[in-house]
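Open the model in your viewer and keep the selection tool ready. Each stop below tells you what to pick and what is there.

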Amino acid sequence: MVDILDHRGLPMPKKATPGPATEPQTASVGYLYREFSEHPSRGLTPAKLASILEDAEQGRLENQARLAEDMEEKDAHLFAELSKRRRALLGLDWNLRPPKDATPLEKEWTGRLEALLRELDWEDMVYDASAAILYGYANLEYDWDRSEGQWSLKSADYRPADWFMTPAHNRNQLVLRTLDGLGEELREWGWLSHVHKAKSGYLTRGGLARILAWPYLFRNYSARDLAEFLEIHGLPLRLGKYPAGASDTEKSTLMKAVVNIGHAAAGIIPQGMQIDFQEAAKGSSDPFMSMMRWAESSMSKAILGGTLTSDTSASGGGAYALGEVHNEVRHDILTSDAKQIARTMTRDLVSPLARLNTPLRRMPQFVFETEQPEDIKLFADALPRLVRSGMKIPIRWAHNKLGIPQPEEGEEVLSFTPQPAPTAMPPQPTRTAALRADPDNDGLEDFPDQAAIDEALEAFTDGDLNEQMLPILEPVMAIAAEGPEALRDALDELFPDMDDAKAEERLTRALFVAELWGQIHGQQ
């Protein structure tokens, strides 16, 4: 077969058979299944890492992909942070959004298509597609089935990232690796091919693996050095002494005992020899731990946008407000991831199923629900006030903000039954009236405080606190309103022979009755 050359004279990738097929495309490239990873993380050095990254820029992605897989397996911190970001997508609900100004027929078919999608293992598909966050790309191969005139997916299988390459003439196109090095184009409607942009640039440089590789390298150097430090400096020095004239066999026996006694804590040596334990060499592990903390902090920032959602500060504490800011950044990253995957799901999953099984010309959109519901209590207090002030608030907007779906036609909804207003209690007779009705105080409890008030009223009014006393009290209350001094002067004029003690008593009673009278008539 003659290779087709592009405008640069380079061979073009082989064309794949278009359309769905009952046999997966990778069935013809069995050698990929028989390959075993070379684990490029073994003996990784800065020079080796730079070479792997340069090869990836030229389209040879297999070593970069294998290194990324090793990094995820060997670094627990990297795995944990990446797992948080990927699994956060599984907590999002999704729906198919009909085209703009959809017709009743489009809405009906969109509902049928969504029901068909929910029958698939869509959680596995979303999680596998999110592997592109690390590698820059992720590919799921479809296994189609046709029965009763309808196309359906039996499975969508994840294919390892090292199965793919980019041709020399197009660094943004993924093709299957072939033995001739030219690659084979992915079959139309045969793949869900998600390209995830961690940063702008060519596909080969868009994954987080290239950003995380350097902190991973330095962290492993520090972990290895720390292990050697603990091995050497954590154990006491064992010094063997042999007498003059010892044979080589005796010296060898002593050496073996010195080497083994540190771990076995037991051993034997010939008579006349001895082993001395010296103090362990002094040193500090702080430099190694500082490098490891820097590497882990860099990984957290690259993956989640911050550190306080996974670790506290070096002192053991963390600012709650700052942690909330970091969590908001994490939500922004989640929204970006969800939108990128949703576009791929619309193009590579929704579109094939719709074109093969429905009369739809305009495609529904696969949409994740990433909006955070607002505080219901806050809105319950604010919305009634805004409505009373004349603001026109759409019901649909309020439902979306609160994350409460609108009811379908005929669906039961919660309702509120207003409680009847409490019946007003009949006016209760005052204690003074009760005493008049019951002068012997039979059946009435004795309240000392109330009795003092009653005595003050009786002493001031002679028991005649009624409307007939109002003309007499009004002048007194008018003077009392001007202040205690004005009332005292008025009493001096009315009662010139009254001493100060009696004047103070009458003044106190007058102010009390004036205040009480105002409260009674104010309530009426």
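Select His77, Leu78, Glu81, Leu82, Lys84 and Arg85 in helix 3. They meet Glu296, Met299, Ser300, Ala302, Ile303 and Leu304 in helix 9. Contact here means heavy atoms within 4.5 Å. By class, this contact divides into six nonpolar, two polar and four charged residues. Ala, Val, Leu, Ile, Met, Phe, Trp, Tyr, Cys and Pro count as nonpolar, Asp, Glu, Lys and Arg as charged, and the others, Gly among them, as polar.

A word on what you are viewing: this is a predicted model, where local features need pLDDT of at least 70, side-chain atom pairs count only at pLDDT 80 or more, and totals for chains, interfaces and linings use all residues. Residues are numbered from 1 along each chain as its sequence is written, and side-chain values use heavy atoms, with hydrogens and water left out.

Now show helix 3 (residues 76-87) and helix 9 (residues 286-304) whole. Helices (H or I, at least four residues) and strands (E, at least two) are DSSP runs, numbered from the N terminus. The two axes come within 10 Å and cross at roughly 15°. Axes are lines fitted to C-alpha atoms, for helices over the stretch in contact, and angles run from 0 to 180 degrees between N-to-C directions. That angle makes helix 3 roughly parallel to helix 9. Angles under 35 degrees count as roughly parallel, over 145 as roughly antiparallel, 65 to 115 as roughly perpendicular and the rest as oblique. The crossing is right-handed: the near helix is turned clockwise from the far one by less than a right angle.

Next, go to helix 1 (residues 46-57) and helix 2 (residues 62-74). Their axes lie 7 Å apart, and the packing angle is about 125°. That makes helix 1 oblique to helix 2. Pick Leu49, Ile52, Leu53 and Ala56 in helix 1; they meet Asn63, Gln64 and Leu67 in helix 2. This contact has five nonpolar, two polar and no charged residues.

Step back to the segment before helix 1 and select Glu35. Is Glu35 buried, exposed or partly exposed? Glu35 is partly exposed, with a relative accessible area of 33%. Buried means under 20% relative accessible area, exposed over 50%, and partly exposed in between (1.4 Å probe, protein chains only). Glu35 touches Arg66 and Arg177, not counting residues up to four places away in sequence. Add Trp163: it is 128 residues from Glu35 along the chain, yet their C-alpha atoms are separated by 9.5 Å.

Move on to strand 1 (residues 94-97). Trp94 and Leu96 point to one face and are buried, while Asn95 and Arg97 point to the other and are not. Side chains alternate in this way between the two faces of the sheet in a regular strand. Add strand 10 (residues 365-368), which pairs with strand 1 in the antiparallel sense over four bridges. Strands pair if DSSP finds at least two bridges between them. Opposite Trp94 stands Phe368.

Last stop: the open sheet of three strands, in the order 3-2-7, with antiparallel pairing. Its edge strands are strand 3 (150-159) and strand 7 (191-195). The twist averages 25° from one strand to the next. Five bridges join strand 2 (residues 137-147) to strand 7. Find Glu141; its bridge partner in strand 7 is Trp191. Helix 5 (residues 122-129) packs on the sheet and touches strand 2, strand 3 and strand 7.
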